[in-house]
Amino acid sequence: MSSVATNQKVEFGRVPLGRIAMWWVIASEVVIFGGLITCYLLYRIRYPEWGHEAAHTNTWLGALNTFVLLTSSFTIVLAHAASTKGELKKVWLYSLCTILGGFIFLGVKAVEYTTEIHHGFTITKSVFWSFYYVMTGLHASHVIAGMTAIFVVALKARKGEHLHRVEMAGLYWHFVDVVWIFLFPLLYIAK
Amino acid sequence: MSDHQQQNGHEDYHGHPNYFVIWAVLVVILGISLGLGYLGNHTLAVTLIFALAFVKAFLVLANFMHLRWEPKAVTAIIIFSMIVLGYVFLGVYPDIVPIERIIAQ
């Protein structure tokens, strides 16, 4: 299959329906995560002392998870590129690499949660920690959903079926990455 | 559109940039963000770190999500969600920021 690489935008009518639907899903997710982030930012402005609470989050583990998600975004876009060329083995391999990235992310998050809870920073300790667990927990649930979607799509794609779905699953995964790009400085760096 | 594309309902009209270079740039920006954490001026550091977060998000959206090849109507979907988010902001702002502070402003 040859891809039409062009710098010109196409007409809206040529955009596949599935891709438009996925962009609408992403738009709704923007409001969900954006609403939480907006409230969190307003509270941070009102209560600057929350910075002392944020000092207890582990910046290096947060940075490691950012690296993992950026890399998994890289591998899923390679899976998409391979799908356009009909390279089914590469689609399967890159999809599995992405799922592995998701497992590493969740593993690191589990270590963080365990450490924080052992130090007494539970969801009920303060409003900061409520926001922390709700935002990162909601994000982690999206990571699990993305991993599941990629696995289901990859199972079909390795047989050459529904290859266009690799891109749809990839769009969702990239969005999960973009959300983390903003959560990382909000929760780990702004202290 | 080829038969294969028609079978899959898949028309790959966008280009494929050098994804490795984009990934490398993203990792370098992440490194810079971490380095900025050690900057003496805290306000400047946080401002720059958030500016870099927007750059990272833009790079992912434009290249990995191929938004720069999509028609403006697709970008409009995301802008629409940002407008809705603006209403959320206006709705919760008076609840979080004390009314005395709003009047004082």
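These are legends for four close-up views of a predicted model in which chain A meets chain B.

**View 1. How sure the predictor is about chain A.** Chain A comes out with a mean pLDDT of 91, and 93% of its residues score 70 or more. The stretch to treat separately is residues 1–7 of chain A, where the pLDDT drops below 50. Even so, the model gives this stretch 17 contacts beyond near neighbours in sequence. Where pLDDT is low, predicted coordinates shouldn't be read in detail.

**View 2. The interface between chain A and chain B.** On the chain A side, 64 residues are in contact with 58 residues of chain B. Putting the two chains together buries about 5400 Å², and carbon and sulfur atoms account for 75% of that area.

**View 3. Salt bridge and polar contacts between the chains.** The rule picks out one salt bridge across the interface of chain A and chain B. A:Arg19 pairs up with B:Glu70 here, with 3.3 Å between the closest N and O atoms. As for polar contacts, four residue pairs between chain A and chain B make the count, with both partners at pLDDT 80 or more.

**View 4. What chain A brings to the chain B contact.** Three helices of chain A, H1 (17–46), H3 (59–84) and H6 (164–189), each put at least two residues into the side that touches chain B. H1(A) gives the largest share of that side, with 16 residues. Sorted by type, the residues on this side of chain A split into 37 nonpolar, 18 polar and nine charged.

Methods
Residues numbered from 1 in each chain as written. Chains lettered and ligands numbered in written order. Predicted model: local features only at pLDDT ≥ 70, side-chain atom pairs only at ≥ 80, totals over all residues. Heavy atoms only, no water. pLDDT = per-residue confidence, 0-100. Contact = heavy atoms within 4.5 Å. Buried area = accessible area lost by both parts, 1.4 Å probe. Salt bridge = Lys/Arg side-chain N within 4 Å of Asp/Glu carboxyl O. Polar contact = N/O pair within 3.5 Å; in protein donor to acceptor, adjacent residues only side chain to side chain. Helix = DSSP H or I, 4+ residues; strand = E, 2+ residues; numbered from the N terminus. Nonpolar A, V, L, I, M, F, W, Y, C, P; charged D, E, K, R; others polar.
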